[in-house]
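Q: Can you walk me through reading cavities and a DNA-facing surface?

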Number of protein chains: 2
Amino acid sequence: MTEPAHDAEAVPAPPWERARRRAAPVRVPLTLDRIVDAAYTVLDREGYDRLSMRQVAAELGVAVSALYAHVTSKDELLDRMYARLFDGHGLPDPDPERWREQIKQYARDGRARLRAHRDMARISMARVPMTPELLPHIEQLLAVFRAAGLPDRVAAAAGDMLSTYLDGFAYEESMWEERRREAEVASWPELRAGMVEYFQSLPPDRFPHLRDLAAMMIAENNDSRFELGLDIILRGLASYIPPGHGTGEPGPAERGGDDPGQATG
Amino acid sequence: MTEPAHDAEAVPAPPWERARRRAAPVRVPLTLDRIVDAAYTVLDREGYDRLSMRQVAAELGVAVSALYAHVTSKDELLDRMYARLFDGHGLPDPDPERWREQIKQYARDGRARLRAHRDMARISMARVPMTPELLPHIEQLLAVFRAAGLPDRVAAAAGDMLSTYLDGFAYEESMWEERRREAEVASWPELRAGMVEYFQSLPPDRFPHLRDLAAMMIAENNDSRFELGLDIILRGLASYIPPGHGTGEPGPAERGGDDPGQATG
DNA sequence: TCTACCATTGAACAGTGTTCGTCGAAACGT
DNA sequence: ACGTTTCGACGAACACTGTTCAATGGTAGA
């Protein structure tokens, strides 16, 4: 949008201000942060396919080539955007009694961050989550899993499972969102209704299960679908905890047989 | 490059050949199938980033615009390539006794297909797996899950879980493959060794778990990592089967001691 | 005030997906 | 056998893309 505090600095600095060591520059200096900000603005407005260096430059009112003084390539810019995903995103200290809820909370937060910017999941999916800035996150995830009693082999795989599920789910969501957009259907419930109707119209002898479950497969709100998938993974992980570990007991120990209370979406 | 079998057919057909109803055409006709073939050739040789309409046209020795007579856009071409993934790919009839092994086999086959062509996972990931040709696949997946005794809500989510895991895992694999390629490291074990060494070199007080599990996180062969993730999901799914369903019981019912101790409900 | 620096510029290059008017060679009707 | 019609391939063009580079201008230090 418009640069904040611009009007105050656009006027030439009066001579007596020159005494100050560093007079405010006439133009707000181009920094990596401002570039990333602009990139996010373009992303939200135009989507990933239209996110181009030229658009970002235009957003800043600057020549394209100016960006390359602060960023070596578009790929690096995307990396910087990706890094922002994790600002202030972390896990509390491991609590074996509540590890499932801790992981769920972490995943919910992660999904919310991915949804906060249009097509963000596509950017996230395309980078490997092992950059140095993320090492503390991986470390703490491992801490939680090990404290819960997961065998090392399983703990080592659990982080990847979780991040794959997170990115994959969000990616899928954003794809449907895009499809809705270009189908020019106003709302998601409307698109959903059309799809369910389509599945119901299939020949019953060839697609009995699809007909039965159509309404469930295309959930009204993705939140409960997300929670269910999360639960499936967590139950699977818990099943590897050797007996004798407090609350992390596997199997049907989890109360509420079929419809476990899905936490607030 | 040069058209094959050109010299034999470039000469004008002698008059007596005209008697044949359909003389062999001077040029092999351009069909959608040949275009998809060529696209796969380019994909395997150049990778997804260099897969362009012009490259495909060049592969066929044809003008770019000629492709658009058979395909409305590059996106449709990618769709056609995606559709090939499922040729002859299917599940056997549901067998509640062996549903886990059936699903595993299906997933293994799926992963093999994704790995058969370079960057195929990137194409697969970017399309929603609900095109009409795939409906029978979804139907049969649902059949297996329901026969196994999964509650409808869970069965409806299970297919998505599986395909997200499949695509996500293969996508990640192809990203590492690409990274290895551009890092100009000869072999995967070599890259792996370097990464493990890097993790081991981290400050032990800040990254104890990462150090411990580095060698496990970056598995020597991805096969066992894939199987483990698959098992986690299947165990999670199985935990939703209400008691009283033959072999589909959660817990150690599945023979093949993966990690011994886990309590049955 | 002069100079040296360096962020910014505009133009250019080699690509991309897609469109369009033209053309040539088969296919058809006579 | 000969027009004529039809249709697919062609080449050029358009509006983009990421990236590079010599030239430039304003700022900071001497």
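A: Let's start with residue classes: Ala, Val, Leu, Ile, Met, Phe, Trp, Tyr, Cys and Pro count as nonpolar, Asp, Glu, Lys and Arg as charged, and the others, Gly among them, as polar. With those classes, the lining of the largest cavity divides into 15 nonpolar, six polar and three charged residues. Some ground rules: this is a predicted model, where local features need pLDDT of at least 70 and side-chain atom pairs count only at pLDDT 80 or more, while totals for chains, interfaces and linings use all residues. Residues are numbered from 1 along each chain as its sequence is written, chains are lettered from A and ligands numbered from 1 in the order in which they are written, and side-chain values use heavy atoms, leaving out hydrogens and water.

Q: How many cavities of 30 Å³ or more does the search find?

A: A cavity, on a 1 Å grid over the protein atoms alone, is a set of points where a 1.4 Å probe fits but cannot get out; lining residues have an atom within 4 Å of a point. Grid points are joined across faces, edges and corners, and a volume is the space filled by probe spheres set on the points. Here the whole structure yields eight cavities of 30 Å³ or more, and the largest holds about 430 Å³.

Q: Which residues lie nearest the centre of the largest cavity?

A: Out of 24 lining residues, those are B:Phe86, B:Tyr106, B:Pro129, B:Leu141 and B:Ser163. Two or more residues each come from α6 (99–116), α8 (135–147) and α9 (152–183) of chain B, and α9(B) gives the most, with seven. Helices (H or I, at least four residues) are DSSP runs, numbered from the N terminus.

Q: What is the volume of the second largest cavity?

A: About 150 Å³. Its lining has 14 residues, with A:Glu172, A:Trp176, A:Met217, A:Arg225 and B:Asp160 nearest the centre. That lining splits into nine nonpolar, one polar and four charged.

Q: Which residues come nearest DNA strand C?

A: "Near" requires a residue heavy atom within 4 Å of the strand. Of 17 such residues, A:Ala63, A:Ser65, B:Arg54, B:Tyr68 and B:Lys74 come nearest. Sugar or phosphate accounts for 48% of the strand C atoms within 4 Å of the protein, and bases for the rest.

Q: What does a polar backbone atom of A:Ala63 approach?

A: For polar contacts, look for a pair of N or O atoms within 3.5 Å. In A:Ala63, a polar backbone atom is 2.7 Å from a phosphate oxygen of strand C. A side-chain N or O atom of A:Arg54 is 3.3 Å from a base nitrogen of that strand.

Methods
On a 1 Å grid over the protein atoms alone, a cavity is a set of points where a 1.4 Å probe fits but cannot get out, and a pocket is an open set with protein on both sides within 12 Å along at least five of seven lines; lining residues have an atom within 4 Å of a point. A polar contact is a pair of N or O atoms within 3.5 Å; within protein, one must be able to donate a hydrogen and the other to accept it, and residues adjacent in sequence count only if both atoms are side-chain atoms.
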